[in-house]
Amino acid sequence: MKVRRPCEGRAQRLEPGSRMLRAIASTLLAILAVDATRAAEATHRVLFIGNSLTYVNDLPNAFASLAPAGMPLEVDMIASGGASLADAARNPTVVSALSKGGYTDVVLQERGGDAFCPAACQATAGAELSAMRPTGELARMARAGGARVFYLGTWQSSKETNEALEYGERAIAKASRARYVEIAEPRRELMLRHPGLAWTHADGQHPGYATTAMMALRTWRAMFGTVPATVPCVAGEVHYHAPLPGGVLHVDTSQVPRTCLIEEGAVNELTAMYDVGVEYL
């Protein structure tokens with residue numbers, strides 16, 4: 001006589017339920033796969049908020065050009081000459097864009113030197129910087145609208161002044177819970193390595209093509225975690241004056257002519273220099 005093991009009957013009785021569980025699991029996996037595909041195909045909407053450092057040579061335009069074929073990306077800019085982030089925080093256009101624009105990512109860039117934090121400032125960990133509060137307000141508005149926030153650095157002329165500037169920028173980024181994109185020291189060292197590149201505009205103050213390219217590349221790396229596979233180029237006229245100072249400029253990458261800011265061979269170094277420079281705070 002065959003002796004039936006106790007577990008055999010139990011397994012047979014549970015089989016219909018097991019089939020149901022497998023069906024439910026398969027359905028859930030299918031749903032997750034669809035959600036993952038939709039997430040991958042979701043449009044990234046990026047807003048740059050800044051000043052002449054942002055619009056000279058069209059940083060948002062150069063950034064938009066880095067998108068690989070088929071990637072849904074929309075890039076906007078709100079920037080006017082001499083504008084600080086304190087001005088932006090009081091600007092109804094900025095407030096409306098952050099609350100209603102549906103942006104996934106917001107890049108904030110302060111005026112050059114406004115985050116400068118020498119020894120006396122460092123004694124208070126940058127708490128007294130005038131840019132601290134408005135940057136925090138903008139970051140809060142951006143996150144309330146569903147966006148990640150990035151704080152894009154600026155630069156000074158020497159190692160010592162760059163270090164004081166970067167101290168203040170890091171402090172502001174940390175207090176604002178923004179991701180810091182370091183520019184000052186990588187730019188200075190790259191200038192020493194590649195003196196032939198156009199680091200400074202002919203006016204002696206604003207970014208040259210190489211600096212704008214570097215900001216675009218490093219912002220892309222901070223935002224998407226990859227080194228772009230293409231050269232940053234500007235579609236249409238390369239601007240020196242603010243193209244739309246009173247409103248939201250929508251970048252159109254289909255415009256002509258197309259001006260590439262650097263040679264292809266410089267992409268990797270301008271992006272990867274200072275591997276610890278992009279901090280996720």
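1. Let's start with a word we'll need throughout: two residues are in contact when they have heavy atoms within 4.5 Å of each other. With that in hand, look at how the chain is wired: among the contacts in the protein with a separation of 6 or more, 80% are between residues 24 or more positions apart.

2. A quick word on what you're looking at. This is a predicted model, where local features need pLDDT of at least 70 and side-chain atom pairs count only at pLDDT 80 or more, while totals for chains, interfaces and linings use all residues. Residues are numbered from 1 along each chain as its sequence is written, and side-chain values use heavy atoms, with hydrogens and water left out.

3. Now the overall build. The protein has 11 helices and 9 strands; these are DSSP runs numbered from the N terminus, with helices being H or I runs of at least four residues and strands E runs of at least two. Of its 281 residues, 44% count as buried. Here buried means under 20% relative accessible area, exposed means over 50%, and partly exposed is in between (1.4 Å probe, protein chains only).

4. Which residues have the most contacts inside the largest nonpolar core? They are Ile-49, Phe-63, Val-106, Ile-262 and Leu-270, in a core of 73 residues. Helix 10 (residues 209-224) gives this core its largest share, 9 residues. A nonpolar core, by the way, is a set of buried Ala, Val, Leu, Ile, Met, Phe, Trp, Tyr and Cys residues joined through side-chain atoms within 4.5 Å.

5. Zoom in on Ile-49. Leaving aside its neighbours within four places in sequence, Ile-49 touches a list of residues that includes Ile-78, Leu-85, Ala-88, Val-94 and Leu-98. Val-106, Val-107, Leu-108 and Gln-109 are also among its contacts.

6. Back to helix 10. Its 16 residues reach 22 Å from the first C-alpha to the last, close to the 22 Å expected at 1.5 Å a residue (the expected span is 1.5 Å times one less than the number of residues). Helix 10 is mostly covered, with 14 of its 16 residues buried. Just after the helix, Gly-225 takes a positive phi of about 75°.

7. Helix 8 (residues 159-175) makes a good follow-up: it has 17 residues and a reach of 24 Å, close to the 24 Å expected. Its buried residues include Leu-165, Glu-166, Glu-169 and Ile-172. What do the buried residues of helix 8 pack against? Their partners are helix 6 (119-122), helix 7 (132-144), strand 4 (148-152), strand 5 (179-181) and helix 9 (184-193).

8. Helix 9 has some charged names on its buried list: Glu-185, Arg-187 and Arg-188 are among them, alongside Ala-184, Pro-186 and Leu-190. The buried residues of helix 9 pack against helix 8, helix 10 and helix 11 (267-272).

9. Some backbone spots deserve a second look. Arg-177 sits in the loop between helix 8 and strand 5, and has a positive phi of about 55° although it is not a glycine. Is Arg-177 buried or exposed? Arg-177 counts as exposed because its relative accessible area is 57%. Ala-125, in the loop between helix 6 and helix 7, also has a positive phi, near 55°, and at 48% relative accessibility Ala-125 counts as partly exposed. Then there's the peptide bond from Val-256 to Pro-257, which is cis, with omega near 0°; Pro-257 lies in the loop between strand 7 (249-250) and strand 8 (258-260).

10. Loops can be covered too. Ser-65 is in the loop between helix 3 (59-64) and strand 2 (73-79), yet Ser-65 is buried, because its relative accessible area is 9%. Beyond its neighbours within four places in sequence, Ser-65 is in contact with Thr-230, Val-231, Pro-232, Cys-233 and Arg-258.

11. Finally, the largest pocket, which holds about 180 Å³ of space. Its lining residues include Asn-51, Arg-111, Trp-155, Gln-205 and His-206. On a 1 Å grid over the protein atoms alone, a pocket is an open set of points where a 1.4 Å probe fits, with protein on both sides within 12 Å along at least five of seven lines, and lining residues have an atom within 4 Å of a point. The volume is the space filled by probe spheres set on the points, which are joined across faces, edges and corners.
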